[in-house]
Amino acid sequence: MISVAEIQDYLVNLAPPDLAESWDNVGLLTGDPAQKVDQILTCLTLTPDVAAEAISEGANLIISHHPILFRPVQQITSASVEGKMLLDLIQAKISVYCPHTSYDSAARGINWQLANLLGLEEIGVLRPVSAQGEQAVDPDRGAGRFGTLPAEFTLAQLNQLIKQALKITALQFVGEPDFRILRLGIACGAAAEFLDDAHRHGCQALLTGEARFHACLEARALGMGLILPGHYATERPAMEQMARLLYKQFPTLKIWASQNETDPLKWDCQDDSI
């Protein structure tokens, strides 16, 4: 039987914890490394619906991109939604591992996957970092990605490409539809703070999941496009990919991406004038 520790070793190699942001909480957050595993569920966010799925299907390990216990807690009781969920998982002996920003920034992590999905060429890192214990910066390690599109697109054309690639029907954006883009920056989730980095690397636009109003104003002031397909849309596919990668490494296990997980945001695409 394969242990939680063996799965953890694979995940640490895939998404090294030293790549995580200083404010993040990554790694094995609940559970026993010696516990045996025969079923793994992956998800973007561990919610009560996802936890119930893991329990009912007999999962031993959940790999949730977003961390549980993100902020310090003083008590874990059934009085809160998160507390009850954690108690249920502990009672069911389900361990939880959360890679979060280490997976965002890994050499073949979420941002690289998005860049590859969109066909970017000459992919680089928006904020390179040095490997642990080394002085030199590794060009494949760090936060965000950028690259050159296969051809020059208008912002409207690029929006259509992104919707098709992410299998969504709507997105938000900043910029004129006929604005032309050849170089694109990518930072999954909620990462409009990478606008300056993308601008410095000569990008005409930044793709991220969501952004605050003032970040949208900043993009306009920089003369850049800002494309916002949604937090879920930019990160959930990578957790489906995580399930595939794990199954390739551990083919004797049952591994699946949560079937209960959905985007909490709904998009109204109807034209009320019709």
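Here is a short talk between a visitor and a guide about a strand and two pockets in this predicted model.

Visitor: What makes both faces of strand β12 count as covered?

Guide: Look at which residues point each way. Gly225 and Ile227 lie on one side of β12, Leu226 and Leu228 lie on the other, and all of them are buried. Buried means under 20% relative accessible area, so each of these residues falls below that cut-off.

Visitor: How do you know that β9 and β12 pair?

Guide: Strands pair if there are at least two bridges between them, and β9 (residues 172–174) has three to β12, therefore they qualify. The two strands run antiparallel, and Phe173 stands opposite Ile227 in β12.

Visitor: And what makes β11 a partner of β12?

Guide: The test is again at least two bridges, and β11 (residues 205–208) shares three with β12, so this is a pair too. Here the sense is parallel. Leu207 of β11 stands opposite Ile227.

Visitor: Why is the connection from β11 to β12 called right-handed?

Guide: The chain leaves β11, passes through helix α8 (residues 213–222) and arrives at β12. With the strands pointing away from you, a path that runs clockwise from the first strand over the helix to the second is right-handed, and this β-α-β crossover is right-handed, so that is the turn to look for on screen.

Visitor: Now to the pockets. What makes Leu166 a lining residue of the largest pocket?

Guide: A lining residue has an atom within 4 Å of a pocket point, so Leu166, as one of the 25 that line this pocket, meets that cut-off. Leu166 is also among the residues closest to the centre, along with Lys167, Ala233, Pro237 and Glu240. The pocket's volume is about 620 Å³, and α9 gives the most to its lining, with nine residues.

Visitor: How many of the lining residues there are nonpolar, and what makes Lys167 a charged one?

Guide: The lining has 14 nonpolar, five polar and six charged residues. Lys counts as charged alongside Asp, Glu and Arg, so Lys167 belongs to that class.

Visitor: Which residues are closest to the centre of the second largest pocket?

Guide: They are Trp23, His100, Thr101, Asp104 and His231, out of 28 that line this pocket. Its volume is about 480 Å³, and α4 supplies the largest share of the lining, three residues.

Visitor: Why is His100 counted as polar rather than charged?

Guide: The charged class holds Asp, Glu, Lys and Arg, and His is in neither that list nor the nonpolar one, so His100 counts as polar. By class, this lining has twelve nonpolar, nine polar and seven charged residues.

Key: Residues are numbered from 1 along each chain as its sequence is written. This is a predicted model: local features need pLDDT of at least 70, side-chain atom pairs count only at pLDDT 80 or more; totals for chains, interfaces and linings use all residues. Side-chain values use heavy atoms; hydrogens and water are left out. Buried means under 20% relative accessible area, exposed over 50%, partly exposed in between (1.4 Å probe, protein chains only). Helices (H or I, at least four residues) and strands (E, at least two) are DSSP runs, numbered from the N terminus. On a 1 Å grid over the protein atoms alone, a cavity is a set of points where a 1.4 Å probe fits but cannot get out, and a pocket is an open set with protein on both sides within 12 Å along at least five of seven lines; lining residues have an atom within 4 Å of a point. Grid points are joined across faces, edges and corners, and a volume is the space filled by probe spheres set on the points.
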